[in-house]
Structures are given as structure tokens and as C-alpha cells.
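Student: I would like to know how the labels given to a structure are justified. Please take me through some of them.

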Amino acid sequence: MPRCRMEPVRTCVACRMRAPRAALLRVAVIDSELVPDERAVMPGRGAWVHPTPECIGIALTRRAFVRALRVPGPLDTQTFEKWLSSYGNQVNGSK
């Protein structure tokens, strides 16, 4: 009898919905800077979020990344926000 392989499931830190790991974006912290981990291979604690402006906006507003990543103090989100704007352009097909 063939075995079914279960796909890993993670929870979005913004909307708290469970989704397959492939549908979420992993975010990590490097030197108090929030960075996207597209390949999900960076060391350390990571937080998962839907790669949509709504979920990312909620997570930033509610400081969900700070709590999920267990870092003291605020995070620098400039790099993450730059990546997000370029990611949105890639998804929409504009350059």
C-alpha cells in the first residue's frame, strides 16, 4: 500500500490561519533587521506569514514579528519593506 506523505503546515503570525509551508513566507532576524527567508534555510527562529500586503501589514502593525521571533525591542523593517515592494512588482508582472 503506498504511503501518503503529509505536507508541513505552518501558522501565519498575522491572520493565525494554518496553511501549507509552501504557501507562506518565512521571515527571520539578522542583527535586529527583519529579512525575508524565501528559501526557508536561514538559521535561528523564524516566523511565517502569508506573502500578501494585508497579512504583512497586520503583522507589522500588531508587532507580531517581534513576539514570534522573541526579540527584545523594535525591529528594522526597511529591508523587508523594500523586498515586499519588489516582490509585489514581480507578482503583478510590472518591472
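The exchange below covers the chain and then one patch on its surface.

Tutor: Keep in mind that this is a predicted model.

Student: What pattern does the chain follow along the sequence?

Tutor: The order is β-β-β-β-β-α-α-α, from a chain with five strands and three helices. The C-alpha trace spans about 50 × 35 × 25 Å along its principal axes.

Student: Why is Arg67 called exposed?

Tutor: Exposed means over 50% relative accessible area. Arg67 has 54% relative accessibility, so Arg67 counts as exposed. Arg67 is part of helix H2, which covers residues 64–69.

Student: Which residues gather with Arg67 in a patch of positive charge?

Tutor: Arg16, Arg62 and Arg63 join Arg67 in that patch on the surface.

Student: What makes these residues a patch of positive charge?

Tutor: Arg counts as positive, and like charges are joined within 9 Å when their residues have over 30% relative accessible area and no salt bridge. Arg16, Arg62, Arg63 and Arg67 are grouped on those terms.

Student: How many charges does the chain have, and how far apart are their mean positions?

Tutor: There are 15 positive and 8 negative charges, and their mean positions are 10 Å apart.

Student: What share of the residues counts as buried?

Tutor: Buried means under 20% relative accessible area, and 32% of the 95 residues count as buried. The accessible surface of the chain is about 6,700 Å², with 53% of it belonging to carbon and sulfur atoms.

Definitions and conventions:
Residues are numbered from 1 along each chain as its sequence is written. This is a predicted model: local features need pLDDT of at least 70, side-chain atom pairs count only at pLDDT 80 or more; totals for chains, interfaces and linings use all residues. Side-chain values use heavy atoms; hydrogens and water are left out. Patches are made of residues with over 30% relative accessible area and no salt bridge: like charges are joined within 9 Å, nonpolar side chains (Val, Leu, Ile, Met, Phe, Trp, Tyr) within 5 Å. Accessible areas come from the Shrake-Rupley method with a 1.4 Å probe; for residues, only the protein chains shown count as cover. A salt bridge is a side-chain nitrogen of Lys or Arg within 4 Å of a carboxyl oxygen of Asp or Glu. The place of a charge is taken as NZ of Lys, CZ of Arg, CG of Asp or CD of Glu. Helices (H or I, at least four residues) and strands (E, at least two) are DSSP runs, numbered from the N terminus. Buried means under 20% relative accessible area, exposed over 50%, partly exposed in between (1.4 Å probe, protein chains only).
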